[in-house]
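The following exercises concern a single protein chain. Each one sets a task and then works through a solution step by step.

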Amino acid sequence: TEVPEPEPLPVFVKHPFLRICSMNICKFKKNRESTNEQFLGILEVLSKMDVVMFSEVAATNDEHLKQNQIFAKILTDFSNDGRSFHTCSSAPSRVYDAEGRGTGQPEVHVCFFKEPLQCKGFRTWHSTSVGGDHVVFDHAPLTVVLDLPDFDSQILVTSVHLPPGSNNRER
């Protein structure tokens, strides 16, 4: 009888990977017709990501929480891989003047993450103390702890919004 050949062993081992994207959503708050077509293209790209972080999301009331859920559903519908997106966001914050008064509209950072990733916790960084100095953050950063079943580990992702380089004082 003939002995069957053994299955060949793969030369390269496939390792799990994550696709992470972060962007400032401010441009799309203007709701101009020219951004609609761009936004559809961006949705297609974002839906292929595992983690999407947005900064400068308007948060004048709790409406942004509902909008985040709707956007997670839209990302899920665009993804076509059967995995759902979920979301968490920072507490609203704003820019603070020299006297510590909040100015401008409140904004949040938002994290969208695709299954099988799970959010194990998140924190809004309103301030920190370093060497006796107390620092209040404008547009308080968001840190999210994500459980990565495919990696058997966790990662931290942080969204930070910095003013433009032309504004050195605020930066």
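A salt bridge is taken here as a side-chain nitrogen of Lys or Arg within 4 Å of a carboxyl oxygen of Asp or Glu. The structure is a predicted model.

**Exercise 1. Salt bridges**

Task: Determine whether D81 and R83 form a salt bridge, and identify the network to which they belong.

Solution.
1. The separation between the side chains of D81 and R83, nitrogen to oxygen, is 3.2 Å.
2. The cut-off is 4 Å, so the pair of D81 and R83 qualifies as a salt bridge.
3. D81 and R83 are linked with R19, D50 and K114 in a network of salt bridges.
4. For the exposure of the two partners, the limits are under 20% relative accessible area for buried and over 50% for exposed. D81 has 36% and is therefore partly exposed; R83, with 25%, is partly exposed as well.
5. The count for the protein comes to seven salt bridges.

**Exercise 2. Two further charged pairs**

Task: Describe the salt bridges E44–K48 and K73–D77, and classify the residues by exposure.

Solution.
1. The side chains of E44 and K48 meet at 3.8 Å, N to O.
2. E44 has a relative accessible area of 46%, which means that E44 is partly exposed. K48 stands at 44% and is also partly exposed.
3. In the pair formed by K73 and D77, the N to O distance is 2.9 Å.
4. Both K73 and D77 belong to helix α2, where four residues, about one turn of the helix, separate them.
5. K73 is partly exposed because its relative accessibility is 49%, and D77 is partly exposed at 46%.
6. As a general principle, side chains of opposite charge can pair when their charged atoms come close.

**Exercise 3. Overall architecture**

Task: Establish the order of the secondary-structure elements and characterise the chain as a whole.

Solution.
1. The protein contains two helices and 10 strands.
2. Read from the N terminus, the elements follow the order β-α-β-α-β-β-β-β-β-β-β-β.
3. Of the 171 residues, 32% are buried.
4. Among contacts with a separation of 6 or more, 63% join residues 24 or more positions apart.
5. The exposed area is about 11300 Å², of which carbon and sulfur atoms supply 54%.

**Exercise 4. The nonpolar interior**

Task: Which residues of the largest nonpolar core touch the most other members, and which elements give two or more residues to this core?

Solution.
1. The largest nonpolar core has 17 residues, and those touching the most other members are L46, F54, F71, L75 and F112.
2. Two or more residues come from each of β1 (20-24), α1 (33-46), β2 (51-58), α2 and β5 (102-114).
3. Apart from this core lies another, of 11 residues, including V51, L142, L146 and L148.
4. Leaving aside residues up to four places away in sequence, F71 touches F39, L43, L46, F54 and F112.
5. In soluble globular proteins, nonpolar side chains tend to be buried together.

**Exercise 5. Strand β1 and its neighbour**

Task: Assign the residues of β1 to its covered and uncovered faces, and state how β1 pairs with β2.

Solution.
1. C21 and M23 form the covered face of β1, whereas I20, S22 and N24 form the uncovered one.
2. Such an arrangement may be read against a general rule: in a regular strand the side chains alternate between the two faces of the sheet.
3. β1 pairs with β2 in the parallel sense, over five bridges.
4. Within this pairing, M23 stands opposite F54 of β2.

**Exercise 6. A nonpolar surface patch**

Task: Which residues form the nonpolar patch on the surface, and which element gives the most to it?

Solution.
1. The patch consists of L40, I70, I74 and F78, with about 340 Å² of accessible area together.
2. Helix α2 (residues 63-79) gives the most, with three residues.
3. F78 lies in helix α2. Its relative accessibility is 32%, so F78 counts as partly exposed.

**Exercise 7. The surroundings of Q154**

Task: Locate Q154 and list its contacts.

Solution.
1. Q154 lies in strand β10 (residues 153-159).
2. With a relative accessible area of 47%, Q154 is partly exposed.
3. Not counting residues up to four places away in sequence, Q154 touches K120, V145, L146, D147 and L148.
4. Q118 is 36 residues from Q154 in sequence, and the C-alpha to C-alpha distance between Q154 and Q118 is 9.3 Å.

Conventions
Residues are numbered from 1 along each chain as its sequence is written. This is a predicted model: local features need pLDDT of at least 70, side-chain atom pairs count only at pLDDT 80 or more; totals for chains, interfaces and linings use all residues. Side-chain values use heavy atoms; hydrogens and water are left out. Patches are made of residues with over 30% relative accessible area and no salt bridge: like charges are joined within 9 Å, nonpolar side chains (Val, Leu, Ile, Met, Phe, Trp, Tyr) within 5 Å. Accessible areas come from the Shrake-Rupley method with a 1.4 Å probe; for residues, only the protein chains shown count as cover. Buried means under 20% relative accessible area, exposed over 50%, partly exposed in between (1.4 Å probe, protein chains only). A nonpolar core is a set of buried Ala, Val, Leu, Ile, Met, Phe, Trp, Tyr and Cys residues joined through side-chain atoms within 4.5 Å. Contact means heavy atoms within 4.5 Å. Two strands pair if DSSP finds at least two bridges between them.
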